[in-house]
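Q: I am a first-year student and still learning how to read a protein model. Could you take one sheet, look at it closely with me, and then show me how it fits with the rest?

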Amino acid sequence: MAVRYKVCIDCADPHLLARFWAEALGYVVEDHSTLIKSLLANGVPVEDQVTEIDGRSAWKHAAALRDPDHPVNPDTGVGQGGRVLFQVVPEIKQVKNRVHLDLHFGPDQVESEVARLCAHGATRLGEGSEGGSRWVVLADPEGNEFCVA
């Protein structure tokens, strides 16, 4: 059986990156408000870990995305398919990523997707080509590198 996983990205502002990457990937930001409400109703002391985002309760130090085409647990808001989790860490990004995402839109859509992503907060860093393939290197709003091909 295949192993379920999520990609975790350290950051300073998980909600900013969740909005950006939801737009980039066509994913949706997970709504954890039902889980938070349930925890609070059951006396679990999470008030200091909660904030309000877009009129809903959300975790202060984490936000996640899910594939909209996969099931979601209605009790937690957690997707059952591909997920990306953004979590606050105290240190700032200082060097090039050791792991990055490649977004494959196809050669005819590279420039339009780069323009769309830059309009949502990405920064164009450069481009490359090899063996007939071409890609553009971008950085998300916190400087995490990724490629568009």
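A: What follows is a walk through one sheet, its surroundings and then the wider protein. Please keep in mind that this is a predicted model.

Let's start with the sheet that contains β1. This open sheet has 4 strands, in the order β1-β6-β5-β2, and its pairing is mixed. At the edges are β1 (7-11) and β2 (28-29), each of which pairs on one side only. Strands of a sheet are held together by backbone hydrogen bonds, and their pairing can be parallel or antiparallel. For an antiparallel example here, look at β5 (residues 62-66) and β6 (residues 83-88), which pair over 5 bridges. You can pick out one of these partnerships by finding Arg66, whose bridge partner in β6 is Arg83.

Now look for the helix that goes with this sheet. Helix α1, covering residues 14-25, lies across β1, β2, β5 and β6. Its direction makes about 10 degrees with that of β5.

Next, follow the loop between β5 and β6, where you will find Asn73. Asn73 counts as partly exposed because its relative accessibility is 27%, which falls between the cut-offs of 20% for buried and 50% for exposed. If we set aside neighbours within four places in sequence, Asn73 is in contact with Val78 and Gln80. You can also compare its place with that of His15: these residues are 58 apart in sequence, and their C-alpha atoms are 21 Å apart in space.

Ser33 makes a nice contrast. This residue belongs to helix α2 (residues 33-41). With a relative accessible area of 18%, Ser33 is under the 20% limit and therefore counts as buried. Beyond its neighbours within four places in sequence, Ser33 is in contact with Arg56 and Ser57.

Strand β1 also leads us to a pocket. The largest pocket has a volume of about 530 Å³. It is lined by 24 residues, and the closest to its centre are Ile9, Asp10, Lys93, Asn97 and Asn144. Two elements, β1 and β10, give two or more residues to this lining. The biggest share comes from β1, with 5 residues. Sorted by class, the lining holds 13 nonpolar, 4 polar and 7 charged residues.

Following β10 takes us to another open sheet of 4 strands, with the order β7-β10-β9-β8 and mixed pairing. Its edge strands are β7 (102-103) and β8 (123-130), each pairing on one side only. Helix α3 (residues 110-119) packs on this sheet and touches β7, β8, β9 and β10 (145-148), with its direction at about 5 degrees to that of β9. β8 and β9 (residues 133-139) pair in the antiparallel sense over 7 bridges. Within this pairing, Glu127 has Val136 in β9 as its bridge partner.

Finally, step back to the whole protein. There are 3 helices and 10 strands. The C-alpha trace spans about 60 × 35 × 30 Å along its principal axes. Of the 149 residues, 33% are buried. Among contacts with a separation of 6 or more, 58% are between residues 24 or more positions apart.

Notes
Residues numbered from 1 in each chain as written. Predicted model: local features only at pLDDT ≥ 70, side-chain atom pairs only at ≥ 80, totals over all residues. Heavy atoms only, no water. Pairing = 2+ DSSP bridges. Contact = heavy atoms within 4.5 Å. Axes fitted to C-alpha atoms, helices over the stretch in contact; angles between N-to-C directions. Buried < 20%, exposed > 50% of the residue type's maximum accessible area, 1.4 Å probe, protein only. 1 Å grid on protein atoms, 1.4 Å probe; cavity = no way out; pocket = protein on both sides within 12 Å on 5 of 7 lines; lining within 4 Å. Points joined across faces, edges and corners; volume = space filled by probe spheres on them. Nonpolar A, V, L, I, M, F, W, Y, C, P; charged D, E, K, R; others polar.
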